[in-house]
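Please walk through this structure with the sequence alongside. The account starts with charged pairs and then turns to the strands around them.

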Amino acid sequence: MAAAQPGDIFLIHGGSYPGEVLFDRSGTAVSPIVWKAAGDGEAVFDNLRLDANYIWLEGLKIAPAGDYGLRTYNAPQGIVINRNNFVNCHYCIYLNHGGDNWTITDNVIV
């Protein structure tokens with residue numbers, strides 16, 4: 001199976017996605033890689049780690065077993081975090097390794 005490429009849109013079906021999920025393939029400023037809920041139920045993640053540029057995350061639920069919902073490696077650029085639900089995390093969106101030019105909008109953090 002081929003790896004994610006700039007401009008790809010992935011629809012994530014409802015279900016539970018345990019463990020840390022690493023996003024390590026970059027999109028571009030014009031063609032981000034989009035990961036969004038398919039709309040057939042909640043797509044629930046334990047936690048996410050971003051080590052890529054120009055990633056778009058939309059409509060996901062992040063409910064970590066530990067403190068961290070979403071963390072970074074290597075200062076990712078051009079990230080969009082839109083319409084996600086973060087539940088029971090101490091650090092829901094944590095740019096521990098930096099980042100620049102992020103858009104974080106319309107999320108629910110409980």
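Four salt bridges are present in this structure, which is a predicted model. One of them pairs Arg49 with Glu20, and the closest N and O atoms of the two are 3.6 Å apart. Arg49 belongs to strand 4 (residues 43-50) and Glu20 to strand 2 (residues 15-23), so this salt bridge ties together parts that are 29 residues apart in sequence. The surroundings of the two partners can be read from their accessibility. Arg49 has a relative accessibility of 5% and therefore counts as buried, since buried means under 20%. Glu20, with a relative accessible area of 39%, is partly exposed.

Glu20 also forms a salt bridge with Arg71, where the closest N and O atoms are 3.4 Å apart. Arg71 sits in strand 7 (residues 68-72) and Glu20 in strand 2, so this pair ties together parts that are 51 residues apart in sequence. Arg71 is buried because its relative accessible area is 19%, and the limit for that class is under 20%.

A further salt bridge is made by the side chains of Arg83 and Glu58, with an N to O distance of 3.1 Å. This pair, too, links distant parts of the chain: Arg83 is in the loop between strand 8 (80-82) and strand 9 (85-86), while Glu58 is in strand 5 (residues 55-58), 25 residues apart. Glu58 has 12% relative accessibility and so counts as buried. Which residues are joined into one network by salt bridges that share partners? They are Glu20, Arg49 and Arg71.

The loop that holds Arg83 also leads to Asn107, since Arg83 is among the residues that Asn107 touches. Asn107 itself lies in another loop, between strand 11 (103-105) and strand 12 (108-109). Is Asn107 buried or exposed? Its relative accessibility is 18%, so it counts as buried. Leaving aside residues up to four places away in sequence, Asn107 touches Ile81, Asn82, Arg83, Asn84 and Phe86. Two backbone oxygens lie within reach of its side chain. That of Ile81 is 3.0 Å from a polar atom of the Asn107 side chain, and that of Thr105 is reached by the Asn107 side chain at 3.1 Å.

Now consider the strands as a set. The protein chain contains zero helices and twelve strands, and from the N terminus on its elements run β-β-β-β-β-β-β-β-β-β-β-β. The radius of gyration of the protein chain is 13 Å, close to the 13 Å that the globule rule gives for 110 residues, so the chain is as compact as a globular protein of that length. Taken along the principal axes, the box filled by the C-alpha atoms is roughly 35 × 30 × 25 Å. Of the 110 residues in the protein chain, 35% are buried. Contacts across the sequence can be counted as well: among those between residues at least 6 apart, 52% join residues at least 24 apart.

Five of the strands form an open sheet with parallel pairing, in the order 1-3-5-8-11. The edges are strand 1 (9-12) and strand 11, each with a single partner strand, so one side of each is left without a neighbour in the sheet. Neighbouring strands in this sheet are turned against each other by 10° on average, direction ignored. Within the sheet, strand 3 (residues 33-37) and strand 5 run parallel and are joined by four bridges. Here Trp35 stands opposite Leu57, a residue of strand 5. Strand 5 is also the strand that contains Glu58, the salt-bridge partner of Arg83.

The last stop is Gly7, in the segment before strand 1. Gly7 is partly exposed, because its relative accessible area is 42%. Which residues does Gly7 touch, not counting those up to four places away in sequence? They are Ser31 and Pro32. Gly7 can also be set against Lys61, 54 residues apart from it along the chain: the C-alpha atoms of the two are separated by 23 Å.

Terms used:
Residues numbered from 1 in each chain as written. Predicted model: local features only at pLDDT ≥ 70, side-chain atom pairs only at ≥ 80, totals over all residues. Heavy atoms only, no water. Helix = DSSP H or I, 4+ residues; strand = E, 2+ residues; numbered from the N terminus. Buried < 20%, exposed > 50% of the residue type's maximum accessible area, 1.4 Å probe, protein only. Polar contact = N/O pair within 3.5 Å; in protein donor to acceptor, adjacent residues only side chain to side chain. Contact = heavy atoms within 4.5 Å. Pairing = 2+ DSSP bridges. Axes fitted to C-alpha atoms, helices over the stretch in contact; angles between N-to-C directions. Rg over C-alpha atoms; globule rule 2.2 N^0.38 Å.
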